[in-house]
Amino acid sequence: MYKLVTAAVAAAMTLAAGIVSAEPVKIKFSHVVAENTPKGQMALRFKELVESKLAGKYVVEVYPNSQLFGDGKVLEAMLLGDVQIAAPSLSKFNKYTKKLQVFDLPFLFKDMTAVEKFQSGPKGQELLASMESKGLLGLGYLHNGLKQLSANSELRNPTDANGLKFRIQASDVLAAQFEAIGALPLKKPFSEVFLLLQTKGIDGQENTWSNIFSKKFFEVQKHITASNHGLIDYLVVTSAEFWNSVPDADRAVLNAAMKDAIAHGNMIAAEKVSSDRKRIEDSGISTILELSDAERAKWVDAMKPVWAKFADQIGQDLIDAAVASNN
Ligand code: LMR
């Protein structure tokens, strides 16, 4: 009897010790934008879902505003195990695949419905796995929206951009796009854009209504052209090594949480296209210029030759599938 009790006590102690010592797995989610953005809100929703459904087993630490890593470093850090989830814009994967450059081609998608159609179609889904051999796994696409051009002088015609310096994301397609209109592209981290605009280190930039509003770019730019000439969307990405180390049952929960969080972020993205634009408009600080069809056609003519330059790197099949999503 005594032995039995001792054994039971020992077993209970081992169990308790096991529970106490089992630290939750830490998932670090690093991003560069503010919290009041589609990506910021998506990350917080993911945290909330994971920490309620896998309480005590996983914690999600969200680092917004480039606090932990900028987009230039985050993928390397991910491969080293220093961060588990990030969602860089599709323009920032150049080192790992040339195929995602398709998303940077100017005037490729006529609206976000076309973007959604391409991303959820077979070619878009294939791209999620295009960096697996490099250790990166795409978990899904997240929307932000179409890009607008801003500067301190009015950009009505492509010639108005001649000689102006524009900050771009680290993308060769975007460099070619600005060169095509005689402008000077400068690859700079997102975290430096406001200061560069404020100190006139650059004349202009391209970004979504959400980023222009949440990072206050409109406060240091007199004019915004509602050009919708390109896209900023994200690839939510993780390291294959980390993802595969998660037990199957937990991974299913993480996947479901991610799907839900992305849907939440996409809903916010759709709403911010008009609400953040309106906030900028209401501020009265910068003017918003709408292009006539004829003016817009000039921008298309000037920028579209960039497609041919990158067709070999991207693959004509991908470009064709993206174009077809406009129908
Ligand atoms: C940028 O660098 O302008 C964007 O990619 C930032 C972001 O994550 O939306």
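The following paragraphs lead through a predicted model, from its confidence to its ligand site, a strand and a helix.

Because this is a predicted model, local features are reported at pLDDT of at least 70 and side-chain atom pairs only at pLDDT 80 or more, while totals for chains, interfaces and linings use all residues. Residues are numbered from 1 along each chain as its sequence is written, and side-chain values rest on heavy atoms, with hydrogens and water left out.

The mean pLDDT of the protein (the predictor's confidence in each residue, from 0 to 100) is 94, and 94% of the residues reach 70 or more. Over residues 1-20, however, the pLDDT is below 50, and this stretch has 0 contacts (heavy atoms within 4.5 Å) beyond near neighbours in sequence. Where pLDDT is low, predicted coordinates should not be read in detail.

The ligand is surrounded by residues with a heavy atom within 4 Å of it, including Lys-39, Lys-92, Arg-167, Phe-190, Asn-207, Asn-211 and Tyr-234. Polar contacts, that is, pairs of N or O atoms within 3.5 Å, can be followed from the ligand to several side chains. An oxygen atom of the ligand is 2.9 Å from an N or O atom in the side chain of Asn-207. For Asn-211 the corresponding distance from a ligand oxygen is 2.8 Å, and for Tyr-234 it is 2.5 Å. The protein covers 100% of the 270 Å² of accessible area that the ligand has on its own (Shrake-Rupley method, 1.4 Å probe).

Asn-207 also belongs to strand S8; strands are DSSP runs of E with at least two residues, and helices are runs of H or I with at least four, numbered from the N terminus. In S8, Gln-205 and Asn-207 point one way and Gly-204 and Glu-206 the other, and all are buried (under 20% relative accessible area, 1.4 Å probe, protein chains only). Strands pair if DSSP finds at least two bridges between them. S8 pairs with S5 in the antiparallel sense over 4 bridges, and with S6 in the parallel sense over 2 bridges. Gly-204 stands opposite Ala-151 and is also the bridge partner of Phe-166.

Helix H6, residues 172-179, is mostly covered, with 6 of its 8 residues buried; among them are Val-173, Leu-174 and Phe-178. Which elements do the buried residues of H6 pack against? They pack against strands S5, S6, S7 and S8 and against helices H11 and H12. At the N-terminal end of H6, Ser-171 acts as a cap, with a side-chain oxygen 3.3 Å from the backbone nitrogen of Val-173.

Conventions. Buried means under 20% relative accessible area, exposed over 50%, partly exposed in between (1.4 Å probe, protein chains only). A polar contact is a pair of N or O atoms within 3.5 Å; within protein, one must be able to donate a hydrogen and the other to accept it, and residues adjacent in sequence count only if both atoms are side-chain atoms.
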